[in-house]
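Please open the model in your viewer and keep the sequence panel beside it, so that each selection can be followed in both places. The tour goes from the whole chain to single residues, one selection at a time.

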Amino acid sequence: MPTWKRLLIAWFFVPVHRLLFRLSGGRLLGRLEGTGVLILVTKGRKSGKPRSSPLLYFRFGEFDDFIVVASNYGRDRHPMWYLNIAADPNVSVEANGERFAAEARITEGEERTALYDRVIATNPRFAVYYAATDRQIPVVSLRRVETGKEGS
């Protein structure tokens with residue numbers, strides 16, 4: 001992807017997307033390219049401040065988890081949100097009109113490969129990102145954390 005397109009996305013589309021998504025409770029821009037969109041809120045690893053990123057997510061029948069991919073449009077470095085979850089996996093997720101706490105888990109080995117293959121089958125653009133970089137693109141599983149006490 002050309003640099004000018006990445007900059008346009010980062011400086012214009014992402015903030016506008018985040019705003020419209022939140023104002024509409026996810027009804028506007030809650031789906032792109034045939035898949036769902038979520039807002040991932042991480043804690044900045046240096047600043048400690050909340051950082052939010054709209055991301056495409058994937059859900060596969062046998063998993064309750066939300067799957068996100070740290071493709072960074074095929075760039076040779078990881079996206080900031082990924083570095084933040086590597087430092088602190090406790091995140092919050094806004095999806096399907098609700099917000100919940102989640103734990104981010106970076107998948108590895110065969111699990112990562114199988115999930116990435118399924119992502120590519122769902123959205124072929126991720127094959128383009130894979131071909132554009134020498135780094136291994138991380139696949140992250142976001143699992144809801146139950147915060148309430150049962151029986152209360």
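Helices and strands in this tour are DSSP runs, a helix having at least four residues and a strand at least two, and they are numbered from the N terminus. With that in mind, Val91, a residue we shall visit later, can be placed in strand 5. Please remember throughout that the model is predicted.

**The whole chain**

Begin with a cartoon view of everything, in which the secondary structure comes to 4 helices and 7 strands. If you trace the chain from the N terminus on, the elements run α-β-β-β-β-α-β-β-α-α-β. Colour the model by pLDDT next: the mean is 84, and 74% of the residues reach 70 or more. Among the elements, strand 1 (residues 31–32) has the lowest mean pLDDT, 54, whereas helix 2 has the highest, 97.

Now switch on the surface, where the protein exposes about 9100 Å², with carbon and sulfur atoms supplying 53% of that area. Of the 152 residues, 41% are buried. Among contacts between residues at least 6 apart in sequence, 58% join residues at least 24 apart.

**Helix 2**

Select residues 80–87, which form helix 2, and show the side chains of Trp81, Tyr82, Asn84 and Ile85, which are buried. These four cover an arc of only 160 degrees around the axis, and therefore they lie on the same side of helix 2. An α-helix has 3.6 residues a turn, so residues three or four places apart point the same way.

What covers the buried residues of this helix? Add strand 2 (35–43), strand 3 (50–57), strand 4 (66–69), strand 5 (90–95), strand 6 (98–106) and strand 7 (139–144) to your selection, since the cover includes each of these strands.

**The nonpolar cores**

Keep those elements in view and turn to the largest nonpolar core, which has 18 residues and in which Leu38, Trp81, Val93 and Leu142 have the most contacts. Strand 2, strand 3, strand 4, helix 2, strand 5, strand 6 and strand 7 each supply at least two residues of this core. A second, separate core has 13 residues, among them Phe60, Val69, Tyr116 and Tyr129. In soluble globular proteins, nonpolar side chains tend to be buried together.

**Two buried valines**

Select Val91, which is buried with a relative accessible area of 6%. Leaving out residues up to four places away in sequence, Val91 touches Leu40, Val41, Thr42, Ile85, Phe100, Ala101, Ala102, Ala104 and Leu142. Leu142 is 51 residues from Val91 along the chain, yet their C-alpha atoms are separated by 8.5 Å.

Move on to Val139, which lies in strand 7, and ask whether this residue is buried or exposed. With 0% relative accessibility, Val139 counts as buried. Apart from neighbours within four places in sequence, Val139 is in contact with Ile67, Val68, Arg105, Ile106, Thr107, Arg112, Leu115 and Tyr116. You can also draw a distance from Val139 to Ser71, whose C-alpha atoms are separated by 8.5 Å although the two residues are 68 apart along the chain.

**The salt bridges**

For the last stop, show the charged side chains, among which there are 5 salt bridges. Side chains of opposite charge can pair when their charged atoms come close.

Select Asp88 and Lys43, which form a salt bridge with their closest N and O atoms 3.8 Å apart. Asp88 lies in the loop between helix 2 and strand 5, while Lys43 lies in strand 2, so this pair ties together parts that are 45 residues apart in sequence. Asp88 is buried at 17% relative accessible area, whereas Lys43 is partly exposed at 43%.

Next select Arg143 and Asp65, whose side chains meet in a salt bridge at 2.8 Å, N to O. Because Arg143 lies in strand 7 and Asp65 in the loop between strand 3 and strand 4, the pair ties together parts that are 78 residues apart in sequence. Arg143 is partly exposed, with a relative accessible area of 48%, while Asp65 counts as buried at 4%.

Finish with Arg99 and Glu94, whose side chains meet in a salt bridge at 3.4 Å, N to O. Which of these partners is exposed? Arg99 counts as exposed at 54% relative accessibility, whereas Glu94 is buried, with a relative accessible area of 9%.

Key: Residues are numbered from 1 along each chain as its sequence is written. This is a predicted model: local features need pLDDT of at least 70, side-chain atom pairs count only at pLDDT 80 or more; totals for chains, interfaces and linings use all residues. Side-chain values use heavy atoms; hydrogens and water are left out. Buried means under 20% relative accessible area, exposed over 50%, partly exposed in between (1.4 Å probe, protein chains only). The arc is that of the directions from the helix axis to the C-beta atoms. Contact means heavy atoms within 4.5 Å. A salt bridge is a side-chain nitrogen of Lys or Arg within 4 Å of a carboxyl oxygen of Asp or Glu. Accessible areas come from the Shrake-Rupley method with a 1.4 Å probe; for residues, only the protein chains shown count as cover. pLDDT is the predictor's confidence in each residue, from 0 to 100. A nonpolar core is a set of buried Ala, Val, Leu, Ile, Met, Phe, Trp, Tyr and Cys residues joined through side-chain atoms within 4.5 Å.
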